[in-house]
Amino acid sequence: MEPRRRFDSPEQEAYLGLWRTYDRLRALEDELFSWHDLTSQQYNALRLLRAAHPKTIRTLDLAGRLVSRAPDITRLLDALAKRSLVTRERPVTNRREVHIGIAPAGIALLDVLREPLRKCHERQLGHLNRKQLRELSKLLQAARLPHEPADSSWR
């Protein structure tokens with residue numbers, strides 16, 4: 001009797017390995033963010049807004065820069081605005097456009113999260129040496145490159 005194959009293809013094995021790895025690593029980050037009533041998507045938005053500070057970012061541009069797609073960017077930003085972590089403004093030249101900025105409370109929250117998040121990333125991947133981390137990053141980039149938009153900052 002032929003041994004049963006665990007995977008249909010090497011691509012399936014790699015994909016499921018990525019998915020399982022993401023799930024395990026995300027759980028550690030989710031725990032940290034939950035202590036601050038934050039999601040990883042919300043954290044990512046705040047991080048991007050801080051990088052642009054003191055400038056603002058158009059909502060659609062912010063959505064395009066997020067690590068993972070946010071189908072409802074408006075709801076994500078509503079939650080951050082409700083906590084006074086972001087500011088919103090509509091330019092008088094185009095009232096349909098919304099520009100988002102990080103508020104002082106958002107900067108303060110990121111400052112609080114800096115060290116715990118560094119320790120979280122260390123827990124997630126600290127068992128790998130620098131060479132392994134660089135190799136992993138290169139492989140992940142190669143895997144996603146054909147699927148990234150041409151204007152992506154992740155290219």
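These are my notebook entries on salt bridges and on helix 5 in a predicted model.

**Entry 1: salt bridge count**

I started with the charged side chains. My tally came to 13 salt bridges. I then looked up several of them one by one.

**Entry 2: Arg 58 and Glu 97**

I checked what Arg 58 pairs with. Its partner is Glu 97, and the closest N and O atoms are 3.3 Å apart. Next I placed both residues in the fold. Arg 58 sits in strand 1, residues 57-58. Glu 97 belongs to the loop between strand 2 (86-89) and strand 3 (99-102). The two parts are 39 residues apart in sequence, so this pair ties them together. I also looked up the exposure of Arg 58. Its relative accessible area is 32%, which makes Arg 58 partly exposed.

**Entry 3: Glu 135 and Lys 131**

I moved on to helix 6, residues 130-144. Glu 135 and Lys 131 form a salt bridge there, at 3.9 Å from N to O. Both residues lie in this helix, 4 residues apart, or about one turn. How exposed is each partner? Glu 135 has a relative accessible area of 41% and is partly exposed. Lys 131 reaches 54%, and over 50% counts as exposed, so Lys 131 is exposed.

**Entry 4: Glu 148 and Arg 144**

I looked up this pair next. The side chains of Glu 148 and Arg 144 meet in a salt bridge, 3.6 Å from N to O. Is Glu 148 buried or exposed? Glu 148 is at 19% relative accessibility; the cut-off for buried is under 20%, so Glu 148 counts as buried. Arg 144 is at 26% and counts as partly exposed. I also noted a network elsewhere in the chain. Asp 23, Arg 24, Arg 26 and Asp 30 are joined into one by salt bridges that share partners.

**Entry 5: length and kink of helix 5**

I then turned to helix 5, residues 104-125. I compared its expected span with the model. At 1.5 Å a residue, its 22 residues should span 32 Å. The end C-alpha atoms are 31 Å apart, which agrees. Where does helix 5 kink? The kink lies at Arg 114 and is about 40 degrees. The proline Pro 116 follows shortly after.

**Entry 6: buried side of helix 5**

Last, I listed buried residues in helix 5. Among them are Gly 106, Ile 107, Leu 109, Leu 110 and Leu 113. Past the kink residue, Leu 117, Cys 120 and Gln 124 are buried too. What covers these buried residues? The cover includes helix 1 (10-34), helix 2 (40-52) and strand 3.

Technical notes: Residues numbered from 1 in each chain as written. Predicted model: local features only at pLDDT ≥ 70, side-chain atom pairs only at ≥ 80, totals over all residues. Heavy atoms only, no water. Salt bridge = Lys/Arg side-chain N within 4 Å of Asp/Glu carboxyl O. Buried < 20%, exposed > 50% of the residue type's maximum accessible area, 1.4 Å probe, protein only. Expected span 1.5 Å × (residues − 1). Bend = angle between axes of the 7 residues up to and from the residue. Contact = heavy atoms within 4.5 Å.
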